[in-house]
Amino acid sequence: MELVTVRDGSRTVYVEKNLIKQVVIHPQIQQVPGALAHICGIMLYERNPVVFCRLGDSGSCTCGFILGLGDGTMIGLTGELGVEETGEPGEMAEVMPGIWEKKCDTIE
């Protein structure tokens, strides 16, 4: 699976490259009063509202990644663009649809 690295503070996630509809530099995201802490806000994209999530702890919004999901909905993710990678599904754990983290081996 082809992935794009997205860093948000101390957390790194991997986004399926084929789901990325648009990368927006310094997106104009409008905050939503009373939203959960991981919700940055909303932005209009092609006249449709997209909810942007923050998965890390940076608090900044350098880039916005708009993902088109299989059911026709869109979600947004904030972070910093990293490198392209490949990953095997067995090595990854799905955080949200189309967004993955590398599994960590634990020693007991």
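**A hairpin, a cavity and two cores in a predicted model**

In this predicted model, M43 stands opposite V50, a residue of strand β5. The pairing around these two residues makes a convenient place to begin. Strand β4, spanning residues 39–45, runs antiparallel to β5, residues 48–53, and six bridges join the two. Together β4 and β5 form a hairpin, with two residues between the strands. One feature of the turn deserves a pause: E46, which lies in the loop between β4 and β5, has a positive phi near 50 degrees although E46 is a residue other than glycine. Its relative accessibility is 56%, and E46 therefore counts as exposed, the cut-off being over 50%.

Another backbone angle of this kind is found at H26. This residue lies in the loop between β3 (20–25) and β4, and its phi is positive, about 50 degrees, although H26 is not a glycine. With a relative accessible area of 53%, H26 is exposed.

Turning to the interior, the structure holds one cavity of 30 Å³ or more. The space in the largest cavity comes to about 40 Å³. Its lining is made up of V6, R7, D8, R11, T12, V13, L55, G56, L77 and T78. Strands β1 (2–8), β2 (11–16) and β7 (74–86) are the elements that give two or more residues to this lining. In chemical character the lining residues are mixed: four are nonpolar, three are polar and three are charged.

L77, one of the residues lining the cavity, also has a prominent place in the packing. The largest nonpolar core has 14 residues, and within this core L77 and I99 touch the most other members. The elements that give two or more residues to the core are β2, β6 (63–68) and β7. Of these, β6 provides the largest share, three residues. For I99, the contacts beyond neighbours within four places in sequence are V13, Y14, V15, L55, L67, I75, L77, A93 and E94. A second core, separate from the one just described, has nine residues, including I29, C40, F52 and I66.

E94, one of the contacts of I99, belongs to strand β8, residues 92–96. Its relative accessible area is 49%, so E94 is classed as partly exposed. Setting aside residues up to four places away in sequence, E94 touches I99 and W100. Along the chain, E94 and V15 are 79 residues apart, and their C-alpha atoms are separated by 9.9 Å.

Strand β1 offers a last point of interest. Is T5, which has 1% relative accessibility, buried or exposed? T5 counts as buried because its 1% relative accessibility falls under the 20% cut-off. The residue is found in strand β1. Apart from neighbours within four places in sequence, T5 is in contact with T12, V13, Y14, E80, L81, G82, V83 and E85. Two of these contacts, T12 and V13, also appear in the lining of the largest cavity, while V13 and Y14 are among the contacts of I99 as well.

Technical notes
Residues numbered from 1 in each chain as written. Predicted model: local features only at pLDDT ≥ 70, side-chain atom pairs only at ≥ 80, totals over all residues. Heavy atoms only, no water. Pairing = 2+ DSSP bridges. Helix = DSSP H or I, 4+ residues; strand = E, 2+ residues; numbered from the N terminus. 1 Å grid on protein atoms, 1.4 Å probe; cavity = no way out; pocket = protein on both sides within 12 Å on 5 of 7 lines; lining within 4 Å. Points joined across faces, edges and corners; volume = space filled by probe spheres on them. Nonpolar A, V, L, I, M, F, W, Y, C, P; charged D, E, K, R; others polar. Core = buried A, V, L, I, M, F, W, Y, C linked by side-chain atoms within 4.5 Å. Buried < 20%, exposed > 50% of the residue type's maximum accessible area, 1.4 Å probe, protein only. Contact = heavy atoms within 4.5 Å.
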